[in-house]
Amino acid sequence: MTQDRYGTDVLSQDPHERTRVRTQDIPAEPGLVVEDVQSGWVGAVVRVEKSGGQQVVVLEDRKGRTRTFPLGAGFWVDGKPVRLVPHRPAAAPQGRARTASGSLAVADARARVARGSRIWVEGRHDAELVEKVWGDDLRIEGVVVELLDGVDNLEERLTEFGPEPGRRVGVLVDHLVSGSKESRVASEVVRRFGADNVLVVGHPYVDVWQAVKPARVGLQAWPHVPRGTDIKVGTLTALGWPASNQADIARGWKRILGTVRDYRDLEPSLLGRVEELVDFVTAP
């Protein structure tokens with residue numbers, strides 16, 4: 001018997017015998033992207049609330065518009081029918097709690113007096129992302145995160161700071177790839193100030209926004225922004241969000257940052273580098 005290279009005969013099966021796709025219950029967790037089957041509205045879950053005596057879910061589309069739908073069946077997630085049910089935060093574990101970075105939390109711990117060593121990041125958005133995920137750990141370790149305002153200032157800032165044993169500097173740089181300006185600056189400052197005193201690491205992204213997993217804003221991948229277009233403006237434009245001024249950019253970043261819950265929402269290429277910096281500036 002030869003194999004039918006074109007598949008089975010379409011007339012050999014009863015067309016009325018269909019495999020029924022079962023509707024699954026899925027918690028309406030903030031950030032979950034769903035489609036309302038009846039209207040075709042696609043949006044991310046913002047919150048679940050009561051309205052008119054019933055529970056409803058508020059969805060926000062890519063343009064920032066919101067609509068409210070009854071909680072329950074009638075939605076699709078990844079092309080499959082689902083029934084949205086209330087999201088209940090997981091109960092606190094019986095063992096040790098963990099911080100947003102995944103470290104064991106220290107109950108009732110007071111912030112340690114700041115060390116002499118520092119972590120420097122290129123801009124405010126980098127600092128806010130590091131604070132959201134590693135803030136608890138850094139306070140316990142006494143590590144201060146400071147803004148560098150661009151890698152071009154790195155050598156001058158290091159000269160002013162005077163790194164030495166006990167006063168190390170760990171630097172997180174955007175777009176640290178082979179052959180880039182950033183990689184040349186990194187090599188020069190490490191050569192000048194010593195690898196025991198300065199560590200420069202980085203992620204491959206043009207902007208730290210892209211270190212957030214794109215699924216958190218309902219994307220399969222971050223949009224490609226053509227050379228010559230500001231990465232933030234291009235990203236917001238591709239998302240369909242306002243991008244006409246600095247206030248729009250700030251609001252756009254707040255929306256992205258708001259989707260980050262813990263380290264699992266960040267790309268490994270950023271996670272490893274920040275952990276490396278923390279270890280460097282806290283080493284004896």
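1. Two strands are taken to pair if DSSP finds at least two bridges between them. On that footing, this predicted model holds an open sheet of 4 strands in the order β9-β8-β10-β11, with parallel pairing. The edge strands of this sheet are β9 (144–147) and β11 (198–202), each of which pairs on one side only, and neighbouring strands are turned by 25° against each other on average, direction ignored.

2. Within the sheet of 4 strands, the pairing of β8 with β9 can be followed residue by residue. Strand β8 (residues 118–121) and β9 pair in the parallel sense over 4 bridges, and Ile-119 stands opposite Val-145 in β9. Helix α2 (residues 154–161) packs on this sheet, where it touches β8, β9, β10 (169–173) and β11, and the direction of α2 makes about 160° with that of β8. Helix α6 also packs on the sheet, touching β8, β10 and β11, with a direction that makes about 165° with that of β10.

3. As for the chain as a whole, the protein has 6 helices and 11 strands, and buried residues make up 39% of its 284 residues. Of the contacts with a separation of 6 or more, 64% are accounted for by residues 24 or more positions apart.

4. There is also an open sheet of 7 strands, in the order β1-β7-β6-β2-β3-β4-β5, and its pairing is mixed. The edge strands here are β1 (24–27) and β5 (66–70), each pairing on one side only, while neighbouring strands of this sheet are turned by 50° against each other on average, direction ignored. Towards the β5 edge, strand β4 (residues 54–60) and β5 pair in the antiparallel sense over 5 bridges, and Val-58 stands opposite Thr-68 in β5.

5. Strand β2 (residues 33–36) deserves a point of its own. In a regular strand the side chains alternate between the two faces of the sheet. In β2, Val-34 and Asp-36 form the covered face, whereas Val-33 and Glu-35 form the uncovered one. The two residues of the covered face can each be placed against a neighbouring strand: Val-34 has Gly-43 in β3 as its bridge partner, and Asp-36 stands opposite Phe-75 in β6.

6. The pairings of β2 on either side run as follows. Strand β3 (residues 42–51) is antiparallel to β2 and joined to it by 3 bridges, and strand β6 (residues 75–77) is likewise antiparallel to β2, joined by 2 bridges. The hairpin of β2 and β3 has 5 residues between the strands, and in this hairpin Gly-40 takes a positive phi near 80°.

7. Turning to the helices, α1 (residues 124–141) and α6 (residues 268–282) pack at an angle of about 20°, with their axes 12 Å apart. Because angles under 35 degrees count as roughly parallel, α1 is described as roughly parallel to α6. The crossing of these two helices is right-handed. Leu-129, Trp-134, Leu-138 and Glu-141 in α1 meet Leu-270, Leu-271, Val-274, Glu-275, Val-278 and Thr-282 in α6, so that, by class, the contact has 7 nonpolar, 1 polar and 2 charged residues.

8. What does the second helix pair, α4 with α5, look like in terms of its crossing angle? The axes of α4 (residues 231–239) and α5 (residues 246–258) come within 10 Å and cross at roughly 65°, which makes α4 roughly perpendicular to α5. This crossing is left-handed. The contact is made by Lys-232, Val-233 and Leu-236 of α4 together with Asp-248, Ile-249 and Gly-252 of α5, and by class it has 3 nonpolar, 1 polar and 2 charged residues.

9. Finally, Thr-282, which is found in helix α6, is one of the residues in the contact of α6 with α1. Is Thr-282 buried or exposed? With a relative accessible area of 18%, Thr-282 is buried, because the cut-off for that class is under 20%. Leaving aside neighbours within four places in sequence, Thr-282 is in contact with Arg-115, Glu-141 and Val-143. Thr-282 and Gly-142 are 140 residues apart in sequence, yet their C-alpha atoms are 8.6 Å apart in space.

Note on methods. Residues numbered from 1 in each chain as written. Predicted model: local features only at pLDDT ≥ 70, side-chain atom pairs only at ≥ 80, totals over all residues. Heavy atoms only, no water. Buried < 20%, exposed > 50% of the residue type's maximum accessible area, 1.4 Å probe, protein only. Axes fitted to C-alpha atoms, helices over the stretch in contact; angles between N-to-C directions. Parallel < 35°, antiparallel > 145°, perpendicular 65-115°, else oblique. Left-handed = near helix turned anticlockwise from the far one by under 90°. Contact = heavy atoms within 4.5 Å.
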